[in-house]
Amino acid sequence: MKAVILAGGLGTRLSEETSTRPKPMVEIGGKPILWHIMKMYSHHGIHDFVICCGYKGYVIKEYFANYFLHMSDVTFDMQANSMRVHEKRAEPWKVTLVDTGDESMTGGRLGRVAEYVKNEEAFCFTYGDGVGDIDITATIDFHRKHGKSATLTAATPPGRFGALDIQQQQVMNFKEKPKGDGAMINGGFFVLSPKVLSLIKGDHTIWEQEPLMKLAEEGQLMAYEHHGFWQPMDTLRDKNRLEELWASGQAPWKKWE
């Protein structure tokens with residue numbers, strides 16, 4: 001199975017990091033968050049990726065062009081004009097990088113890579129800025145069992161602010177960073193039938209609007225409920241939180257060895 005990953009947005013709310021690189025290349029623990037997402041999929045046996053590039057896409061292309069060398073021991077013989085790779089530690093990935101335009105919306109980017117997934121029984125699709133301890137194998141099994149056109153992973157949004165219970169100006173209860181009102185949101189990590197590609201009208205199509213709304217109206221959109229860890233990297237605060245988790249050795253999304 002293939003996994004399509006959106007990696008072309010501007011990341012304006014993370015401008016401290018994205019002025020020189022696309023958001024999916026912002027690093028957590030010295031590796032781009034895109035790498036973390038790919039490792040999540042790879043842990044579940046998915047090694048074939050289609051990356052939707054856009055803003056500063058050349059940075060992603062250069063990263064993967066040099067990835068093999070970065071992950072291996074190499075001898076350069078300048079006199080013989082040769083290069084010898086001693087030990088290969090790179091992952092067994094096939095990575096297709098597609099320029100999907102600087103201005104394309106999320107649905108438009110998916111439409112631009114239709115050629116690479118149109119003949120698949122189903123394919124995975126997600127954003128290039130979120131991680132979690134999601135059981136991707138279970139999402140695929142769930143998708144196959146229900147037989148509908150689309151599955152999204154429903155996640156609980158992380159809390160951002162402390163909640164106060166105030167009575168007569170006295171704080172009676174304080175909850176640090178509660179997880180909202182219990183409502184679940186679209187956490188990405190979709191499993192899709194190629195049939196959904198027909199709902200994309202052009203570069204201007206926003207995946208989360210017309211296509212998903214149409215699928216829901218037709219009863220073709222199912223939700224795999226994920227109640228574990230899930231965290232998008234929308235702001236510098238989010239990035240720092242993920243960095244702290246990685247540095248602690250307790251990153252919930254790291255299931256690989």
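## Charge and surface

The protein chain of this predicted model carries 30 positive and 33 negative side chains, and the centres of the two sets lie 2 Å apart. In this count Lys and Arg are positive and Asp and Glu negative, while His and the chain ends are not counted. The place of a charge is NZ of Lys, CZ of Arg, CG of Asp or CD of Glu.

The chain exposes about 13500 Å², of which carbon and sulfur atoms supply 49%. Accessible areas come from the Shrake-Rupley method with a 1.4 Å probe, and for residues only the protein chains shown count as cover.

## Basis of the description

Residues are numbered from 1 along each chain as its sequence is written, and side-chain values use heavy atoms, with hydrogens and water left out. Because the model is predicted, local features need pLDDT of at least 70 and side-chain atom pairs count only at pLDDT 80 or more, whereas totals for chains, interfaces and linings use all residues.

## Overall form

The secondary structure comprises nine helices and 16 strands; these are DSSP runs numbered from the N terminus (helices H or I, at least four residues; strands E, at least two). Along its principal axes, the C-alpha trace spans about 80 × 45 × 35 Å. The radius of gyration of the protein chain is 20 Å, which agrees with the value near 18 Å for a compact globule of 257 residues. That radius is taken over C-alpha atoms, and the globule rule is 2.2 Å times the number of residues to the power 0.38.

Buried residues make up 46% of the 257 residues, where buried means under 20% relative accessible area, exposed over 50%, and partly exposed in between (1.4 Å probe, protein chains only). Among contacts with a separation of 6 or more, 72% join residues 24 or more positions apart; a contact means heavy atoms within 4.5 Å.

## The nonpolar cores

The largest nonpolar core has 42 residues, and Y41, I51 and W253 touch the most other members. The elements giving two or more residues to this core are β1 (2–7), α2 (33–43), β4 (48–53), α3 (57–65), α7 (136–146) and α9 (236–247). The greatest contribution, seven residues, comes from α2. Apart from this core lies another, of 24 residues, including A114, L192, L199 and I200. A nonpolar core is a set of buried Ala, Val, Leu, Ile, Met, Phe, Trp, Tyr and Cys residues joined through side-chain atoms within 4.5 Å.

## Helices α2 and α7

Helix α2 is largely enclosed by the rest of the structure, because 10 of its 11 residues are buried. These buried residues are I33, L34, W35, H36, I37, M38, K39, M40, Y41 and S42. Beyond its neighbours within four places in sequence, Y41 is in contact with A3, I46, F49, C124, F125, T126, I136 and F189. Just after α2, G45 adopts a positive phi of about 85°.

In α7 the buried residues are I136, A138, T139, I140, H143 and H146. Their cover includes α2, β8 (123–127), β10 (150–155), β14 and β15 (221–226). Just after α7, G147 has a positive phi of about 75°.

## Residues with positive phi

Most residues other than glycine have a negative phi. K56, which is not a glycine, nevertheless has a positive phi of about 50°. K56 lies in the loop between β4 and α3 and is partly exposed, with a relative accessible area of 24%.

F189 is another residue other than glycine with a positive phi, near 45°. F189 is placed in the loop between β13 (185–186) and β14 (190–192). With a relative accessible area of 3%, F189 is buried, and F189 is one of the contacts of Y41.

## Selected positions and distances

T96 belongs to strand β7 (residues 94–99). Leaving aside its neighbours within four places in sequence, T96 is in contact with F49, V50, I51 and Y116. From T96 to E120, 24 residues apart in sequence, the C-alpha to C-alpha distance is 15 Å.

M78 occupies the loop between β5 (72–77) and β6 (82–88) and counts as exposed at 71% relative accessibility. The C-alpha atoms of M78 and M105 are separated by 46 Å, with their positions 27 residues apart along the chain. A247, in helix α9, is exposed with a relative accessible area of 68%. A247 and S19 are 228 residues apart along the chain, and their C-alpha atoms are separated by 25 Å.
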